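The following exercises concern secondary structure, solvent exposure and charged side-chain pairs. Each task is followed by a solution in steps.

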Amino acid sequence: MMVSGALATSSALWGCSDSLDARCDRGDGAACGVLADQERHASKGDESLPRICELYRRACTGDNYVGCANLGALLAQGRCTGSSGEALDVLQRACDHGEVGGCNNLGMVLRDGAGGAPVDRARAAVVLSLIHISQGIVR
C-alpha cells in the first residue's frame, strides 16, 4: 500500500502569500494536504503521525482526494486512529473521484483485508481491473 503526494511549498501552491496553516484552517483541502505531505517528509518517526493523520483528514474533508487516499492507506496500515470502515470509506471516496492511488489502495485493502477490513476479492478484482482499463493496461 502506498502513500502518495507531491510535496509543494506555500508559494508554489497557487502563488498565494497566505500561509498554508491559515488556508487549511479555513477548509482548503489542498493546503491541508501539502501540510501533511511536508510533515510526513520532515518526520523522522511516528511522533508526528497524529498531526499527519489529522491534516490528511482535513484534506479529505476539503475534497483533496490524494489526501483521502493517503489517509486511507495510513488507516489500513494501522498508523492512524480509525476503523477499517473509515479506511474503506475514504479510499472509495478517493477512487470515486479518479484518484488512482486511492483505487489501488482500495483494491489491495479489499483483496488482503488490511487493517481489519473484510476480505472481498470479487470487489477487489473489479476495482483493480478498472484501474488497468483506465490506464490502458488491458490483460
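Accessible areas come from the Shrake-Rupley method with a 1.4 Å probe. The model to which they are applied here is a predicted one.

**Exercise 1. Describe the surface and the burial of the protein.**

Step 1. The exposed area of the protein is about 7100 Å².
Step 2. Carbon and sulfur atoms supply 53% of that area.
Step 3. A residue counts as buried under 20% relative accessible area. By this criterion, 42% of the 139 residues are buried.

**Exercise 2. Determine how many helices and strands the protein has, and characterise its contacts by sequence separation.**

Step 1. The assignment yields 7 helices and 0 strands.
Step 2. Along the sequence, the pattern is accordingly written α-α-α-α-α-α-α.
Step 3. Consider the contacts with a separation of 6 or more: 47% of them are between residues 24 or more positions apart.

**Exercise 3. State how many salt bridges the whole structure contains, and analyse the pair formed by R40 and D37.**

Step 1. A search of the whole structure returns 9 salt bridges.
Step 2. The criterion requires a side-chain nitrogen of Lys or Arg within 4 Å of a carboxyl oxygen of Asp or Glu. In the pair of R40 and D37, the closest N and O atoms are 3.3 Å apart, so the criterion is met.
Step 3. Both residues belong to helix α2 (residues 29-42). Because they are 3 residues apart there, about one helical turn separates them.
Step 4. D37 is buried, with a relative accessible area of 5%, whereas R40 is partly exposed at 22%.

**Exercise 4. Which parts of the chain does the salt bridge between R57 and E86 link?**

Step 1. The closest N and O atoms of R57 and E86 lie 3.0 Å apart.
Step 2. This pair links distant parts of the chain, with R57 in helix α3 (residues 49-61) and E86 in helix α5 (residues 84-96). The two residues are 29 residues apart.
Step 3. R57 is partly exposed, with a relative accessible area of 23%. E86 is also partly exposed, at 22% relative accessibility.

**Exercise 5. Is R23, the partner of D28 in a salt bridge, buried or exposed? Identify also the residues that are linked with E39 in a network.**

Step 1. D28 and R23 form a salt bridge in which the closest N and O atoms are 3.2 Å apart.
Step 2. The relative accessible area of R23 is 5%, so R23 is buried.
Step 3. E39 is linked with D21 and R51 in a network of salt bridges.
Step 4. As a general principle, side chains of opposite charge can pair when their charged atoms come close.

Notes: Residues are numbered from 1 along each chain as its sequence is written. This is a predicted model: local features need pLDDT of at least 70, side-chain atom pairs count only at pLDDT 80 or more; totals for chains, interfaces and linings use all residues. Side-chain values use heavy atoms; hydrogens and water are left out. Buried means under 20% relative accessible area, exposed over 50%, partly exposed in between (1.4 Å probe, protein chains only). Helices (H or I, at least four residues) and strands (E, at least two) are DSSP runs, numbered from the N terminus. Contact means heavy atoms within 4.5 Å.
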